Each structure stands twice: as structure tokens, then as C-alpha cells.
Amino acid sequence: MPKINRNDVNKVFSWYSFAMVGFTVFYILKAIVRFINSGNKEVFFYHELVTLELNAIYMAVFVSLAMFFFLAKKEKSIIDKIAFIILIVFIFLLSSKNIIIVDLVMIIIYYSFFSDVSRKTKKAILLSVIILSVSSILFIKPVRDRFMIEFETVFVDGFLNETKAKNQGPIYNISLKQAWNQDQFQQNDFFPGTAFRLFQIRIFKEMLVEENIFFTGFGLDASQNKIKEKVKEHNLYPNYGEFNFHNEYVQIFSELGIFGFLTVVMMLFTTIRKGIATKDFVHIAFAVTMIVLFLTESFLSRQRGIIFFIIFYCMLNLVNDCNEQKILK
């Protein structure tokens, strides 16, 4: 790769970020047209907003990096500020719980340590962010429902899923305790996001005990059949066998063994260490997002995930003449 400097990186981020604003505006306008035709408010949220194939979680990751770029710009134009607001709204509409939480934490970190605005302005901005976030979670029903169902899985076993479609029999949400301990399930049991990911970790643990994969793994993309076998063994609804581990650390360990797992961990450690050393907020935000995202998504099992991760990872870690962004006390 040719040597790249901070100006090159900024140009790439600028083009990328404005492109994300373009996609965001397109999908919002598309949702408005669909709402006018159908009257269905769900078209503004989650997968309905960007289609299941594109995936709301992936889109939230792409949009978040653009949002961080606008956030970290020292001199923001009116267009930059409008773009930032559009992206923030879009991220909430996408309703990805983990990304919303990560983004809010990173915004708080930015205004606490990186921003050079006055302390009074910082407090006003942080208070506004917190109020907006809490209000969105409490009063926007699709967002609230996604948070509440995860909260309930911590305390309640097998509670009735009230979002089932008409003419559909009763469906019961599986709690975290059930996902980790229960041996047999029913065909009408539903695994909310966190419970399902915990179950996936559980069956990987069973695979480690039953199969000789600690050093070699099953092979690249060869774990899916084993997942299907485990789904059948525990009597889950068969379609759950079509999902991968939804955890990049587990996915890599299951397919490439301990050395593949350690390689990914080392890459993430390297990138966040350099981001902190150079005091580059966008780099830190990218690293933190990837570290957290890998807990809930097999991001590198999708071509879009590989391209996104490798391009920004290489660019941020190879950049020369990086101007340090001073952390304010």
C-alpha cells in the first residue's frame, strides 16, 4: 500500500460519510413513500427501514462511523451539523440496541475528553443527548419493545410473546437462564437476541467438549452443519439452524481454532492501542464499535463486513503523520 497521511484519511472519511448521508436520506424517503401507501409505521424501523437482506445492524455500524467523523470535525459547517443530526436520527430508527448504546457512550466520551467547547456547553450537550436517548427508548414503541424484551429475558422464564402475528398460536420468549440450562425446547419457543446468542455460546461450549476442534476448528464456514445438529438435538424450531453463531469470537474459534481466535483478539487490541496512543477519536470509536459488535454479530462471515473492517482497519493503522487530537482535562 502507498504511504497515506492524515489528509488522505480525512478525504476518504469525508467521501464515505457524505455517501452514508445519501443512503440515509434515500431510505428515509423510501419509508415515507411506503408509509403513505400502507399506513404501516413499522416501515420506519429496524429491518423494515433498510430490508432484512441489507440488515439494520450492519447499516447502523456503517452509519455510526460516518456519524463519528462529523462529530469529531473541529470546524463544523451547517451542512456537517445537518448531516450529523440526520445520521443520529437514522441510527435510532434502525433500533440496533448495541450500536445505540455504544454510540451514546462514545458521544459522552467525546464531549468529556476530546471536545474543546466550554464546560457549560458540554454539560448542555450531554444532558440533551441523555434526554433524547431516554425519551426515544421510552416513547418510541418499536425501539422500546426491542429493549424491553431483552430486559424481561433476565428475570422471566417463558413469558408470552405479545408481538405475534394474527392467527398465530402462543409463542413463549426464552429467558437467559433457560437458554443456558434447559435441555429440550418446544417448537413455539422464541429466542430474543441476547438469549439466542447465549444459547449459541452454550452449544459451542458443548462442541468443544464433544469435538476435537480446539486447535484446528471445523474449518472456514464449516460450523453451520454442526449448529443445525445442535438445534435438532435440543428440539429448537428448525429455522434456528440457519443462523450462524452471531458472535465473531466464537465463530472464528469454532472454524479456525484457538490461533484464529487469538489473531482476531490481537488485531483488535492493536488497533485500539494505536487509537489511544494517537488520541484519534474516530480510530478509537471504530475499535470500540468492532470490539462490541463482534460479541453479537459474526461480522467477518459477511462480505460487506470483511470489506468494511479490513479497509478501515488497514487505513487507520497505516496512516503516517497523524496529528494527535489532544485529550482535554
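Which residues are linked with Arg202 in a network of salt bridges? Keep that question open while making the selections below; the model on screen is a predicted one.

**Stop 1: helix H9 and the network**

Select Arg202, Glu206, Glu210, Lys230 and Glu233, which are linked in a network of salt bridges. That selection answers the opening question: the partners in the network with Arg202 are Glu206, Glu210, Lys230 and Glu233.

Now narrow the selection to Arg202 and Glu206. Their side chains meet in a salt bridge, 3.3 Å from N to O. Both residues lie in helix H9, four residues apart, about one turn of the helix. Arg202 counts as buried because its relative accessibility is 7%, under the 20% cut-off. Glu206 counts as buried too, at 18% relative accessibility.

**Stop 2: Glu297 and Arg197**

A search of the whole structure finds ten salt bridges. Select Glu297 and Arg197 for another one of them: their side chains meet at 2.7 Å, N to O. This pair links distant parts of the chain, 100 residues apart. Glu297 sits in the loop between helix H12 (281-293) and helix H13 (303-318), while Arg197 is in helix H9 (residues 193-210).

Are Glu297 and Arg197 buried or exposed? Glu297 is buried, with a relative accessible area of 5%. Arg197 is also buried, with a relative accessible area of 16%.

**Stop 3: Glu242 and Lys228**

Next, select Glu242 and Lys228. Their side chains meet in a salt bridge of 3.9 Å, N to O. This pair, too, links distant parts of the chain, with the two positions 14 residues apart in numbering: Glu242 is in the loop between helix H10 (224-233) and helix H11 (248-278), and Lys228 is in helix H10. Glu242 counts as exposed, at 56% relative accessibility. Lys228 is partly exposed, with a relative accessible area of 35%.

**Stop 4: Asn244 in the loop**

Stay in the loop between H10 and H11 and select Asn244. Asn244 counts as buried because its relative accessibility, 8%, is under 20%. The side chain of Asn244 makes a polar contact with the side chain of His246, at 2.9 Å.

Which residues is Asn244 in contact with, leaving aside its neighbours within four places in sequence? Show Phe196, Gln200, Gln224, Ile227, Gln251, Ser298, Ser301 and Arg302 around Asn244.

**Stop 5: the nonpolar patch**

Move to helix H1 (residues 6-38) and select Val25, which has its place there. Add Leu29, Ile32, Phe35 and Ile36: together with Val25, these residues make a nonpolar surface patch of about 430 Å². Val25 is partly exposed, with a relative accessible area of 34%.

**Stop 6: Ile108 and Ile125**

Finish in helix H5 (residues 97-114) with Ile108 selected. At 32% relative accessibility, Ile108 counts as partly exposed. Add Ile125, which is 17 residues from Ile108 along the chain, and draw a distance between the two C-alpha atoms: they are separated by 9.1 Å.

Notes: Residues numbered from 1 in each chain as written. Predicted model: local features only at pLDDT ≥ 70, side-chain atom pairs only at ≥ 80, totals over all residues. Heavy atoms only, no water. Patch = residues over 30% accessible without salt bridge, like charges linked within 9 Å, V, L, I, M, F, W, Y side chains within 5 Å. Areas by Shrake-Rupley, 256 points an atom, 1.4 Å probe, with all protein chains shown as cover. Salt bridge = Lys/Arg side-chain N within 4 Å of Asp/Glu carboxyl O. Buried < 20%, exposed > 50% of the residue type's maximum accessible area, 1.4 Å probe, protein only. Polar contact = N/O pair within 3.5 Å; in protein donor to acceptor, adjacent residues only side chain to side chain. Contact = heavy atoms within 4.5 Å.
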